[in-house]
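Welcome, and please open the model in your favourite viewer. We will walk through a core, a few single residues, a helix and a pocket.

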Amino acid sequence: MTIFVTNKTNIRYLSGFNGTAGRLLMHGTKGFLLTDARYHLVAKNVLPAGFRLVDITGGFEKPFQKLLKKLAVKKLGIEETDVSIALYKKLKKMCGKIKLVDASEVFLHRRMVKTEKEIALIAQAQKITDEILKRLKKWLRPGLTENEIGWRVEVFARELGAD
């Protein structure tokens, strides 16, 4: 099944792309990142093998419909828990006879099982968090605002290599 991915966490998980303006069309093992020119350089550097960049600088509808036609999509999975009513209506109109089905759970289940690389990243994140807390204990004092503390946590995290 071809799936239209709109959830930012799923987009990043599947493609490595972390921009604010991007959607992903997954068709088997192939992925198509739909984004505008502002993100092309970043996208080209992070997209894995088997993924293609689709330019939507002039608008989303035509490139999306062209891609659906090229892939001969008959059924399109969408993340119903992430799609607004406005986007759903737009998709319904653009897709014509293509059947829209809920695919919200597909990537949630896939993301539950961790690879060795993901486990290593989780361990690294935990080390960074532990170090942030150590530094924060030394830095905290009465009278600080939540914003000041939040900013300091962000600074410590960045200094320690978090993204």
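Helices (H or I, at least four residues) and strands (E, at least two) are DSSP runs, numbered from the N terminus. With that naming in hand, Ala125 can be placed in helix α6. This is a predicted model, in which local features need pLDDT of at least 70 and side-chain atom pairs count only at pLDDT 80 or more, while totals for chains, interfaces and linings use all residues. Residues are numbered from 1 along each chain as its sequence is written, and side-chain values use heavy atoms, with hydrogens and water left out.

Let us stay with Ala125 for a moment. Buried means under 20% relative accessible area, exposed over 50%, and partly exposed in between (1.4 Å probe, protein chains only). Ala125 is partly exposed because its relative accessible area is 39%. Ala125 and Arg110 are 15 residues apart in sequence, and their C-alpha atoms are 21 Å apart in space.

Now to the inside of the protein. A nonpolar core is a set of buried Ala, Val, Leu, Ile, Met, Phe, Trp, Tyr and Cys residues joined through side-chain atoms within 4.5 Å. The largest such core has 21 residues, and Phe4, Leu25, Phe64, Leu68, Leu76 and Leu91 touch the most other members. Two or more residues each come from β3 (30-35), α3 (61-70), β5 (75-78) and α4 (85-95). Of these elements, α4 gives the largest share, four residues. Apart from this core lies another, of 14 residues, with Ile3, Ile11, Leu24 and Phe51 among them.

Which residues does Phe4 touch, not counting residues up to four places away in sequence? Contact here means heavy atoms within 4.5 Å. The partners of Phe4, with that sequence limit, include Leu25, Phe64, Leu76 and Leu91, as well as Arg23, Gly77 and Glu79.

Phe32 is another residue worth selecting, and you will find it in strand β3. Is Phe32 buried or exposed? Phe32 counts as buried because its relative accessibility is 6%. Leaving out residues up to four places away in sequence, Phe32 touches Arg23, Leu24, Leu25, His27, Arg52, Val54, Leu67 and Leu71. The C-alpha atoms of Phe32 and Gln124 are separated by 30 Å, with their positions 92 residues apart along the chain.

Several loops deserve a look too. Ala72 lies in the loop between α3 and β5, and its phi is near 55°, a positive value in a residue other than glycine. Ile98 sits in the loop between α4 and β6 (99-102). Ile98 counts as buried because its relative accessibility is 15%. Beyond its neighbours within four places in sequence, Ile98 is in contact with Leu68, Val73, Lys74, Lys75 and Leu76. For Ile98 and Leu76, 22 residues apart along the chain, the C-alpha separation is 6.7 Å.

Thr20 belongs to the loop between α1 and β2 (22-27). Thr20 is exposed because its relative accessible area is 63%. Setting aside residues up to four places away in sequence, Thr20 touches Lys8 and Tyr39. The C-alpha atoms of Thr20 and Leu67, 47 residues apart along the chain, are separated by 21 Å.

Next comes helix α7. Residues 146-159 make up α7, which has 14 residues and reaches 20 Å from its first C-alpha to its last, close to the 20 Å expected at 1.5 Å a residue; the expected span is 1.5 Å times one less than the number of residues. Its buried residues are Val155, Phe156 and Ala157, and what covers them includes α6. Gly161 follows α7 and has a positive phi, near 100°.

Helix α6 also brings us to the largest pocket. A pocket is an open set of points on a 1 Å grid over the protein atoms alone, where a 1.4 Å probe fits, with protein on both sides within 12 Å along at least five of seven lines; lining residues have an atom within 4 Å of a point. The largest pocket holds about 730 Å³ of space. Its lining has 18 residues, and Arg12, Tyr13, Lys117, Glu118 and Leu121 lie nearest its centre. The elements that give two or more residues to this lining are α1 (8-15) and α6 (116-139), and α6 supplies the largest share, eight residues.

How values were computed:
Points joined across faces, edges and corners; volume = space filled by probe spheres on them.
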